[in-house]
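Reader: Please pick one part of this model and take me through it slowly, contact by contact. I'd like the packing first, then any odd backbone spots.

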Amino acid sequence: MSDASTPAQRRQLVQHLPALRDADAAAIQHFLDTIWAEQGLARASLDSYRRDLEGLARWRDGQAGGLSAIDRAGLFDYLAWRAQHGWSPRSNARLLSALRAFFADAVRRGRRADDPTALLDPPRLPRLLPKALAESQIDALLDAPDIDDPIGLRDRAMLELMYAAGLRVSELVHLPANAVNLRQGVLRVTGKGSKERLVPLGEESQHWLERYLAHSRPRLAGGRSVPGGQDGSVPMFLAPSLQPLSRQQFWGLVKKYAALAGIDPVRISPHGLRHSFATHLLNRGADLRALQMLLGHSSLSTTQIYTLVAREHLQKLHARHHPRG
């Protein structure tokens, strides 16, 4: 039995670690500034790196040179401590990714001669298949908003667009108004690492987006000037405050509409519609390379997990309908 087996207990355990030392804080900030400049990592990735590196630095508390000078034995001790207190293999794999990036940068810049993560094996992770909704459930979810209400019409357009284009939640809520070309039926999406991709809209999503822009968005704006972001762009989807919805607000709406559609809200995950988009395309014969481009995955290996879902679907069809299934 671990000493801290729940997330709340682990958070409390971390809160009681010593404060971050100035030297460690400076080393972490320098590393984050460097990879942001060189790789353009998203803010969420940088924040994740910061939390993981600060956790190790606080646990180390300046011993034997602190974070930058830790050796392999020290990393083993820290990983053993985390295992004792119930951190998951997935969490430790993410930690190891952050450590490898940090020490690779230190070696490259001559701040240390060796990489203490070189012989550390990543923890074995369980293979988690994406949870996709059935096509009939997607239809029910998309039909749930009240399209006679301007907010309901906005929500219908958002749901249609997310499912039709396989967007991430952050990509959807931060979509600028100038990202869509309705004449060509194409959406320009800025994804992770500020990488852009072009995604076709499809007739249904284009129809609902046009209705939203013609009827709902002007009513939500109410004749007021919509404030722009730092780059001057204004958001596509507006709350009555003229601000874009947050990720949490949007997923609250998704869970509400799931309940209205008779779908257990627990089955709706932050990536549920995106997973459904990918799985349904593969089930209907889409090419894996094309799917990779539509999803904005930098590596085909990330996309290939969806083939397992499609294969599972085909196996069920075979078992149900084949004479020898």
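**A close look at α2, α3 and α5**

Author: Let's start with α2 and α3, which are roughly antiparallel to each other (over 145° counts as that, under 35° as roughly parallel, 65 to 115° as roughly perpendicular, and the rest as oblique). The model is a predicted one, so to be clear about what counts: local features need pLDDT of at least 70, side-chain atom pairs need 80 or more, and totals for chains, interfaces and linings use all residues. Residue numbers run from 1 along each chain as its sequence is written, and side-chain values use heavy atoms, leaving out hydrogens and water.

Back to the pair. Helix α2 covers residues 22-39 and helix α3 covers residues 43-60; helices here are DSSP runs of H or I with at least four residues, strands are E runs of at least two, and both are numbered from the N terminus. The two axes cross at roughly 155° and come within 10 Å (each axis is a line fitted to C-alpha atoms over the stretch in contact, and angles run from 0 to 180° between N-to-C directions). This crossing of α2 and α3 is right-handed, that is, the near helix is turned clockwise from the far one by less than a right angle, where anticlockwise would make it left-handed.

Who does the touching? On the α2 side you'll find D24, I28, Q29, F31, L32, I35 and W36, and on the α3 side L46, Y49, R50, L53, E54 and A57; contact means heavy atoms within 4.5 Å. Sort the residues of this α2 and α3 contact by class and you get nine nonpolar, three charged and one polar (nonpolar is Ala, Val, Leu, Ile, Met, Phe, Trp, Tyr, Cys and Pro, charged is Asp, Glu, Lys and Arg, and the others, Gly among them, are polar).

Now bring in α5, residues 89-108. This helix has 20 residues and spans 28 Å from its first C-alpha to its last, close to the expected 28 Å, where the expectation is 1.5 Å times one less than the number of residues. Its buried residues are S91, N92, A93, L95, L96, A98, L99, F102, F103, D105 and A106 (buried is under 20% relative accessible area, exposed is over 50%, and partly exposed is in between, with a 1.4 Å probe and protein chains only). Those buried residues of α5 pack against α2, α3 and α4 (72-84).

Take α2 against α5: the axes come within 11 Å and cross at roughly 90°, which makes α2 roughly perpendicular to α5. A27, I28, F31, T34 and E38 of α2 meet A98, A101, F102, D105 and R108 of α5. This contact of α2 with α5 has six nonpolar, three charged and one polar residue.

T34 deserves a second glance. This residue sits in helix α2 and is buried, at 10% relative accessible area. Beyond residues up to four places away in sequence, T34 touches D105 and R109.

Then there's α3 against α5, packed at an angle of about 85° with the axes 9 Å apart, so α3 is roughly perpendicular to α5. From α3 come S48, Y49, D52, L53 and L56, and from α5 R94, L95, S97, A98, L99, A101 and F102. By class, the α3 and α5 contact has eight nonpolar, two polar and two charged residues.

Next, the backbone. α5 is followed by G110, with a positive phi near 75°. D61, in the loop between α3 and α4, also has a positive phi, near 55°, and is not a glycine. With 26% relative accessibility, D61 counts as partly exposed. Farther along, L242 lies in the loop between α9 (203-221) and α10 (247-260). Its phi is positive too, about 75°, in a residue that is not a glycine; L242 is buried, at 6% relative accessible area.

For the wider setting, the protein has 14 helices and three strands, and 39% of its 325 residues are buried. Of the contacts between residues at least 6 apart in sequence, 59% join residues at least 24 apart.
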